[in-house]
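Reader: Let's go through the charged pairs in this one. Can you keep it short?

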Amino acid sequence: MKQYRIYFLMLICMLSSCGDFLEESSQDLMIPKSVKDYKELFFGEVLNNEENLHPYLEYMTDDVKDQCYYGTNPKFISNDFREKMWAYYTWQSNPEIGITNEFYADIAWTSYYHKILMVNIMIDNLPAMNGTDIERYDLAGESYFIRAFSYFMLANLYGQPYEVATADKDLCVPINEEISLSDKMMKRSTNAEVYAKIEGDINRAIQCFKTVGGEKTIFRPNLPSAYLLASRIALFQKKYDKAILYADSVFKSTSQPLYKLKENDDHYFFSLLNKEILWSYGSTVIEEYMKEDYRYMGEFVVSDELVELYSGDDLRLTNFFKFTKGMQKKPVAKECTLYTPLKWSRNSPTVYSNAFRLSEAYLNRAEANAELGNTEMALADLNELREYRMKPGTTALTLDEKGIVETVRKERRRELAFEGFRWFDLRRYGVLPLQHTYTSKETEGAGDVFKLEDKKAYVLPIPKSEKDRNTEIELFDRPESEPVK
């Protein structure tokens with residue numbers, strides 16, 4: 001990783017005309033010149049799979065609950081990870097400040113804009129790189145893909161939720177067109193502007209990957225994952241026809257099947273045996289603190305509401321989660337079952353703990369068809385997916401009493417649990433209220449109850465590091481969150 005940092009510093013200085021730094025005396029420093037050099041730089045500085053950018057993402061959702069309410073006494077927890085996540089779990093107005101007033105920096109903003117700057121530089125320098133046209137197209141495809149993905153993540157963390165009627169007015173995140181380090185004060189662009197940028201980039205990525213042709217490793221952005229991201233982007237904008245077309249293209253661009261779950265599977269769901277993984281990247285805090293071989297004493301566990309969505313013949317319940325016995329205190333003391341996520345293992349050398357998967361294409365297409373009123377087409381996609389997730393002989397899925405849209409949303413929640421989707425889905429659905437209970441060393445019994453009752457709380461505040469540097473950026477007021485009396 002140190003060598004990649006050297007690449008980055010040299011590249012920035014070269015583009016910023018930092019005279020003496022590039023004198024011939026600096027023989028030990030390496031300046032990227034070829035596409036191959038830049039591809040190595042891309043892997044280390046842009047993909048950077050060691051990063052855990054938003055460890056809080058799952059803890060803000062209704063898929064988790066506080067296990068301390070169910071028998072673990074927080075007074076005896078010496079290393080309570082819940083304290084770091086408390087402000088996110090309880091939707092505080094300033095979530096970088098933990099329950100003990102310690103500061104936990106949100107690095108997602110800085111990291112994603114770093115990726116954007118890096119690919120801006122690479123795209124600008126493509127014509128001067130040594131290499132073949134095919135090599136340049138491949139690097140361009142990866143660069144456009146990552147820029148689209150970075151803006152998409154930033155928009156859904158720090159921008160207002162996308163609404164078709166007000167997209168040209170609602171503020172999102174800044175667009176950075178710089179190709180060198182800059183102290184420029186960036187202001188927010190609108191949702192319409194940012195999503196136009198995202199769409200333009202992902203379409204360029206698709207065209208580049210199509211020009212390159214052939215198959216790529218799942219550890220680099222590739223054509224099927226680009227089509228899947230395009231489908232996701234269209235779905236979030238309620239461009240349902242486009243979401244369906246891009247999902248169709250995912251299936252056309254790969255011959256890989258869905259992974260068939262088994263009742264007694266010896267393998268983690270996220271492994272090289274799972275051929276439905278299209279792109280594997282990055283780490284997640286869930287993997288670190290909720291893995292099979294180490295039950296963290298101060299943790300949040302899977303919510304009852306999520307567990308109850310799985311029927312007894314759904315193999316995802318035993319393949320996606322580990323369950324142990326606990327003791328419920330309130331309202332009546334009784335034994336209960338606690339579930340923790342189990343899709344990946346930190347000790348597994350096979351794949352990273354984030355992934356673009358083929359199953360999302362089924363769910364995106366099903367949701368788009370559901371919103372368009374194509375009930376049978378939506379159900380067909382859900383049942384095709386469930387053929388690989390349910391015990392043999394399970395009856396086909398039928399309509400939820402609330403209709404086909406709710407049917408799809410529940411299946412999406414079951415399938416994509418703890419993969420970083422739920423918070424973004426709650427935002428775009430506009431679900432209110434959410435409720436979390438937190439038991440601290442100062443509370444007894446059932447603990448404190450917090451509620452998310454204002455859609456403004458679905459927008460995270462810009463991190464302190466950026467607010468201190470960029471004094472011109474527009475700030476949103478996130479509602480205060482106090483325990484319910």
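Author: Definition up front: a salt bridge is a side-chain nitrogen of Lys or Arg within 4 Å of a carboxyl oxygen of Asp or Glu. This is a predicted model: local features need pLDDT of at least 70, side-chain atom pairs count only at pLDDT 80 or more, and totals for chains, interfaces and linings use all residues. Residues are numbered from 1 along each chain as its sequence is written, and side-chain values use heavy atoms, with hydrogens and water left out.

Reader: How many salt bridges in the whole structure?

Author: The search finds 39.

Reader: What does aspartate 62 meet in a salt bridge?

Author: The side chain of arginine 422, at 2.9 Å, N to O. Aspartate 62 sits in the loop between helix 2 (35–47) and strand 1 (64–66), and arginine 422 in helix 15 (residues 422–429), 360 residues apart. Helices (H or I, at least four residues) and strands (E, at least two) are DSSP runs, numbered from the N terminus.

Reader: Is aspartate 62 buried or exposed?

Author: Buried, at 11% relative accessibility. Buried means under 20% relative accessible area, with a 1.4 Å probe and protein chains only. Arginine 422 is buried too, at 12%.

Reader: Next: which residue pairs with arginine 412?

Author: Aspartate 425, in a salt bridge of 2.7 Å, N to O. Arginine 412 is in helix 14 and aspartate 425 in helix 15, 13 residues apart. Arginine 412 is buried at 1%, and aspartate 425 is buried at 4%.

Reader: Which residues do shared partners join into one network?

Author: Among them are Glu276, Asp314, Arg316, Lys343 and Glu415.

Terms used
Buried < 20%, exposed > 50% of the residue type's maximum accessible area, 1.4 Å probe, protein only.
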